[in-house]
Amino acid sequence: MMTRHFDPLVERFIAVMREALPGCPPREIYWGYQFLTGALTLTFAETGRIDQLSGGLCRASDLDSVHERLAPYVAAGMRALCARAGPTPRPGKRVERRAQPRR
């Protein structure tokens with residue numbers, strides 16, 4: 001059911017992410033999507049876990065707070081994944097990598 005009904009939408013979302021982050025390797029885009037869906041699933045499940053952990057400071061049902069925080073959180077994570085991957089070589093171009101120090 002997920003493959004048939006949801007995957008076409010996910011594929012479009014990932015294509016848009018690749019356009020928005022053209023230098024980001026596809027592998028990092030897919031991992032970012034995986035982490036986004038995990039955050040969404042837990043957040044919208046409203047388990048009450050955050051209520052307990054925060055001693056009532058945060059409420060799982062506070063969707064305004066989710067709205068204020070989730071997009072900037074995910075965007076920063078996507079940028080971090082892309083940055084750690086380094087530049088993506090373009091066809092016909094060679095990207096020089098710096099030597100990694102030995103440990």
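**Salt bridges and ring pairs**

Visitor: Is Glu28 buried or exposed?
Guide: The relative accessible area of Glu28 is 9%. Buried means under 20%, exposed over 50%, and partly exposed in between (1.4 Å probe, protein chains only). The model is predicted: local features need pLDDT of at least 70, side-chain atom pairs count only at pLDDT 80 or more, and totals for chains, interfaces and linings use all residues. With its 9%, Glu28 is therefore buried.

Visitor: Which residue meets Glu28 in a salt bridge?
Guide: Residues are numbered from 1 along each chain as its sequence is written, and side-chain values use heavy atoms, leaving out hydrogens and water. A salt bridge needs a side-chain nitrogen of Lys or Arg within 4 Å of a carboxyl oxygen of Asp or Glu. Here the distance from N to O is 3.4 Å, and the partner of Glu28 is Arg84.

Visitor: How many residues apart are Arg84 and Glu28?
Guide: Arg84 sits in helix α4 and Glu28 in helix α2 (helices are DSSP runs of H or I, at least four residues, numbered from the N terminus). The salt bridge thus links distant parts of the chain, with a separation of 56 residues.

Visitor: Is Arg84 buried or exposed?
Guide: The other end of this bridge, Glu28, is buried. Arg84 has a relative accessibility of 63%, so it counts as exposed.

Visitor: How many salt bridges does the count come to?
Guide: Besides Arg84 with Glu28, the side chains of Arg69 and Glu68 meet at 3.4 Å, N to O. Arg69 is exposed at 51%, and Glu68 is exposed at 52%. The count of salt bridges comes to two.

Visitor: How many aromatic pairs does the count come to, and how is the pair of Phe13 and Tyr33 classed?
Guide: Rings of Phe, Tyr and Trp (its six-membered ring) pair if their centres lie within 6.5 Å; planes under 30 degrees apart count as stacked, over 60 as edge-to-face and the rest as tilted. The count comes to two aromatic pairs. Phe13 and Tyr33 have ring centres 6.1 Å apart and planes at 55 degrees, so their pair is tilted.

Visitor: Which helices hold Phe13 and Tyr33?
Guide: These two residues are 20 residues apart and link distant parts of the chain. Phe13 is partly exposed at 33%, whereas Tyr33 is buried at 17%. Phe13 lies in helix α1 (residues 2–20), and Tyr33 lies in helix α2 (residues 26–45).

Visitor: What is the angle between the planes of Trp31 and Phe35?
Guide: Both residues lie in helix α2, four residues apart, which is about one turn of the helix. Trp31 is partly exposed at 42%, and Phe35 is partly exposed at 49%. Their rings are stacked, with 5.7 Å from centre to centre and an angle between the planes of 25 degrees.
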